[in-house]
Amino acid sequence: MRLIYIFCCICIFLFLLIEFDHFLPFTAPLFARIYLKDFLCMPIVLGLCLGCYELIKNKNRQHFELLPVFVLTFIYSIYFEAILPHFLNRYTADWWDVLLYFIGTACFYVLQQIYLVNPIHKLRKHLFMKI
C-alpha cells in the first residue's frame, strides 16, 4: 500500500475517532473537534477520488495535477464556508476552515508528488547512491 493511501486511511481513522468520540471513554479536545476535521477533509476526499480514478483508469500510479486539486479545494471552500452557512444553521462561515482545507490539500499534494510521481526506489537511489 502506498504512503498516500496510508495517509488517507489515517485521516479517515482520525476523523471517525473525533466524530464518534461520544462512544469512547474520552472526548476529543475542542481544537480537534472544531478544526482538525477541516484539515482532514480534503486529504480524505482527494484520496477517495484518486482511488476511484485508478479503478476507472485500471492503472496504478495515477496522480492529480496541481490545478484540479486546488480548484476542487476552492469549490469545497466556497460551498461549505460561503454558501451553506446562509441556508443551514449547522454550518458557520469560518475562514480558518478555508485555510485548513488548503493546508490539508497541500499535505496531500506533497505526499502524492513524493511517493506517486517519484517512486520510492528512485528516492532510495538518490538518497543512498554510492560516492
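How many salt bridges does the structure hold? The legends below describe a predicted model, and this structure holds 1 salt bridge.

**Figure 1. Overall helical architecture of the predicted model.** The protein chain contains 5 helices and 0 strands. Followed along the sequence, the arrangement reads α-α-α-α-α. Of the 131 residues in the protein chain, 32% are buried. The close-up views that follow treat individual sites within this chain.

**Figure 2. Close-up of the salt bridge between Lys 37 and Glu 19.** The closest N and O atoms of Lys 37 and Glu 19 are 2.9 Å apart. Lys 37 belongs to helix α2 and Glu 19 to helix α1, so the pair ties together parts that are 18 residues apart in sequence. Lys 37 counts as partly exposed because its relative accessibility is 23%. Glu 19, with a relative accessible area of 30%, is likewise partly exposed. In general terms, side chains of opposite charge can pair when their charged atoms come close.

**Figure 3. Close-up of the largest pocket.** The space in this pocket amounts to about 530 Å³. Its lining comprises 17 residues, and Lys 37, Asp 38, Arg 90, Tyr 91 and Tyr 101 are those nearest the centre of the pocket. Lys 37 thus appears in this view as well as in the salt bridge with Glu 19. At least two lining residues are supplied by each of α1 (3–19), α2 (30–57), α3 (66–87) and α4 (95–117). Helix α2 provides the largest share of the lining, with 7 residues. Sorted by class, the lining consists of 8 nonpolar, 1 polar and 8 charged residues. As a general principle, rolling a probe the size of a water molecule over the atoms shows where empty space is left.

**Figure 4. Close-up of Cys 41 and Tyr 101.** Cys 41 is located in helix α2. With a relative accessibility of 19%, Cys 41 counts as buried, because the cut-off for that class is under 20%. The C-alpha atoms of Cys 41 and Tyr 101 are 6.8 Å apart in space, although the two residues are 60 residues apart in sequence. Tyr 101 is also one of the residues that lie nearest the centre of the largest pocket.

**Figure 5. Close-up of a nonpolar surface patch.** The patch covers about 880 Å² and is made by Leu 67, Val 71, Phe 74, Ile 75, Ile 78, Tyr 79, Ile 83, Phe 87 and Leu 88. Phe 74, one of these residues, is found in helix α3. The relative accessibility of Phe 74 is 48%, and this residue therefore counts as partly exposed.

**Figure 6. Close-up of Leu 66 and Gln 113.** Leu 66 lies in helix α3, the helix that also holds Phe 74. A relative accessible area of 40% makes Leu 66 partly exposed. Leu 66 and Gln 113 are 47 residues apart along the chain, and a distance of 9.8 Å separates their C-alpha atoms.

Technical notes: Residues are numbered from 1 along each chain as its sequence is written. This is a predicted model: local features need pLDDT of at least 70, side-chain atom pairs count only at pLDDT 80 or more; totals for chains, interfaces and linings use all residues. Side-chain values use heavy atoms; hydrogens and water are left out. On a 1 Å grid over the protein atoms alone, a cavity is a set of points where a 1.4 Å probe fits but cannot get out, and a pocket is an open set with protein on both sides within 12 Å along at least five of seven lines; lining residues have an atom within 4 Å of a point. Grid points are joined across faces, edges and corners, and a volume is the space filled by probe spheres set on the points. Helices (H or I, at least four residues) and strands (E, at least two) are DSSP runs, numbered from the N terminus. Ala, Val, Leu, Ile, Met, Phe, Trp, Tyr, Cys and Pro count as nonpolar, Asp, Glu, Lys and Arg as charged, and the others, Gly among them, as polar. Patches are made of residues with over 30% relative accessible area and no salt bridge: like charges are joined within 9 Å, nonpolar side chains (Val, Leu, Ile, Met, Phe, Trp, Tyr) within 5 Å. Accessible areas come from the Shrake-Rupley method with a 1.4 Å probe; for residues, only the protein chains shown count as cover. A salt bridge is a side-chain nitrogen of Lys or Arg within 4 Å of a carboxyl oxygen of Asp or Glu. Buried means under 20% relative accessible area, exposed over 50%, partly exposed in between (1.4 Å probe, protein chains only).
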